[in-house]
Amino acid sequence: MSSPVENAGWRQGIAKFFRFFLGLSLVASQLGASGSARLASAASNPARPRLLQDSYMETTQDKGYRFNRGGWIYVHLEGSPHEIGYQHGYLLAPEIADTFAAVRLEMTHDTGHDWDSFRRAARMMLWPKIDPEYQAELQGIADGLEAAKTKLDIEDIVAFNAFSELPDYYVPWLNAVTHASIPARNLEAFEHCSAFVATGSWTKDHGIVMGHNNWTSYIEGTRWRIMFDIVPQTGYRILMDGIPGVIASDDDFGVNSAGMMVTETTIANFRGWNTNGKAEFVRARKAMQYADSIDSYAKIIEDGNNGGYANDWLLGDRKTGEIARLELGLKHTKLWRTSDGYFSGANFPSDPDVIKDETTFDPNNPASGPNARRIRWDQLLNGNKGKIDASLAEIFLGDHFDTFAKKEGANRRTLCGHGDAEPETLPGSTAPPFDPWGAVQGKVVDSKMAASMEFIARLGHPCGINFDAEKFLADHPEFSWQSPVLRDMDAGPWTEFHIGEHVAQPAQ
Ligand SMILES: [Zn+2]
């Protein structure tokens, strides 16, 4: 665990480093000043919680506080929507500035669209459809950042919150309708996460066991290390992992006090966008906060579907022991449910109508990453029927067996993905060889943990292998554009988190 002195030095370094990016964003916010004013006036009650100290070193802010454990930053947020946002923005200001700059670089690099275009999309398309509760929370983040002297405005925050849907869903749709030239990188989402949920006779104690590893760029993954304990004024209490500055978990792993256990993996090669829909990050957060059953979860996440970040949602209800998979397309939605079985996720869609009408996915090519991982999930889950528990789930999430090559060895076809070790572009994917992308952290929960609002999580590749950014960039100069933001990704220990914790435990 870092000492306060080390933290101070690190934060000063970050502050210096990102002054450049923040300067750019300031220019952007000045360009969009009239839009910003409209957003600000639409947000509700800006009453600000009391400040205890005016410093980045602040660790407590009204009812909110933060501490570090196992490489994660645990953040407790409590109060009205604006208060929750304000605590979030204030307590995590350095991390939000850092993550915003990294994500902005990725979004603009990968799409060829400038940041102002994402701000416009946030202002004109997304903001009017966001529930007032979450408008207030987002405004709270911007206000908390301002109090911490971090110059990001509400348009930056809303566009940033949509980082999983604007570049990979909205931009391809926009390029198609405007007949824009195809950008250098195909933007369709392909490989995002490996996950499973099992129940009944499949698990050791017959309760629910759920595991998920987050697949994304290492740029994002090294920053996806927040553990949010949220006590909202309405709805249920939430424990979820997340990325600084975003109101949804976004890799979508969490539990709520109504007994819901939630995760997802993305539908590969999905195409579709509805400009009149509600942003996915809002629907996902709302469902995590308000769902008390599989049916109510489905109802909330489907309401106003914009097609963004289209996922196979894996759900568990610890009260009943029932689990479900909700495949949420824009044209088709299908729900599978069982009290004795499992559902796995590895980016493969399952409904033939979704596959045919909404994707270009080939479910029959065993060389593709999603299909290879689907086969591996079936091997592991069938091979361990009746024995599945949290300890086995940890092992599954770090698994390196390639079912296509029929051998051990981490790559982009293994449940624990290591894109930097993948020398090919796999079928269906457009990711370049050696893309630093893959499993960046993992989480596991079972019914007993969910009942006491806790789960276990590990930073970095769930197998424990570390990633050396400097060595990687020396070996692969084609990724030098990432050098300002690519970092080492060291694996942390599997670490327990539960709601209402106040102090860090000794380093393990
Ligand atoms: Zn691994």
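**Exercise 1. Place E454 in this predicted model: which strand holds it, and what does it touch?**

Let's start with the strand. E454 belongs to β17, which covers residues 454–459. The model is predicted, so side-chain atom pairs are counted only at pLDDT 80 or more.

Next come the neighbours. Leaving aside residues up to four places away in sequence, E454 touches L239, V445, M449, E496, F497 and H498. There is also a partner close by in sequence: the side chains of E454 and S452 share a polar contact of 3.0 Å.

Finally, try a pair of C-alpha atoms. Those of E454 and G254 are separated by 9.2 Å, although the two residues are 200 apart along the chain.

**Exercise 2. Work out the order of the strands in the open sheet, and find which strands stand at the edges.**

Step one is the order. Six strands make up the open sheet, arranged as β13-β4-β5-β16-β17-β18, with antiparallel pairing.

Step two is the edges. β13 (341–345) and β18 (495–498) each have a single partner strand, so one side of each lacks a neighbour in the sheet. On average, neighbouring strands here are turned by 20 degrees against each other, direction ignored.

Step three is to check some of the pairings:

- β4 (residues 194–199) pairs with β13 over five bridges in the antiparallel sense, and T199 has G341 as its bridge partner in β13.
- β5 (residues 209–217) and β16 run antiparallel and are joined by nine bridges; one of the partnerships is that of S217 with W437.
- β16 and β17 are antiparallel too, with four bridges between them, and G442 stands opposite R458 of β17.

**Exercise 3. Decide which helices pack on this sheet, and how they are directed.**

Take α13 (residues 369–383) to begin with. This helix lies across β4, β5 and β13, and runs at about 150 degrees to β13.

Now turn to α14. This helix packs on the sheet as well, touching β4, β5, β16 and β17, and its direction makes about 170 degrees with that of β16.

**Exercise 4. Is β16 largely enclosed or open? Ask what α7 has in common with it.**

Count buried residues, using the cut-off of under 20% relative accessible area. In β16, ten of the ten residues are buried, so the strand is largely enclosed by the rest of the structure.

For helix α7 (residues 154–161), the count is eight of eight, so α7 is also largely enclosed by the rest of the structure. Among its buried residues are the charged-letter entries E155 and D156, along with I154 and F160.

One more detail sits at the start of α7: a side-chain oxygen of D153 comes to within 3.1 Å of the backbone nitrogen of E155.

**Exercise 5. Identify the donors of the zinc ion, then explain why their arrangement is called tetrahedral.**

List the donor atoms: NE2 of H400, SG of C416, NE2 of H418 and SG of C463, at 2.0 to 2.3 Å. Along the sequence, their spacing reads H-x15-C-x1-H-x44-C.

Two of these residues link distant parts of the chain: H400 is in the loop between α14 (390–397) and β14 (401–402), while C416, 16 residues away, is in the loop between β15 (407–408) and β16 (437–446). Both H400 and C416 are buried.

Now the geometry. The four donor atoms subtend angles of 105 to 117 degrees at the zinc ion, which makes the arrangement tetrahedral. For reference, the ideal angle for four tetrahedral donors is 109.5 degrees.

Terms used:
Residues are numbered from 1 along each chain as its sequence is written. This is a predicted model: local features need pLDDT of at least 70, side-chain atom pairs count only at pLDDT 80 or more; totals for chains, interfaces and linings use all residues. Side-chain values use heavy atoms; hydrogens and water are left out. Helices (H or I, at least four residues) and strands (E, at least two) are DSSP runs, numbered from the N terminus. Contact means heavy atoms within 4.5 Å. A polar contact is a pair of N or O atoms within 3.5 Å; within protein, one must be able to donate a hydrogen and the other to accept it, and residues adjacent in sequence count only if both atoms are side-chain atoms. Buried means under 20% relative accessible area, exposed over 50%, partly exposed in between (1.4 Å probe, protein chains only). Donors are N, O and S atoms within 2.8 Å of the metal (3.2 Å for Na, K and Ca); water is not among the atoms, so sites may look incomplete. Four donors count as tetrahedral if all angles lie between 85 and 135 degrees; four count as square planar and six as octahedral if opposite donors are over 155 degrees apart and all others between 65 and 115; anything else is irregular. Two strands pair if DSSP finds at least two bridges between them. Axes are lines fitted to C-alpha atoms, for helices over the stretch in contact, and angles run from 0 to 180 degrees between N-to-C directions.
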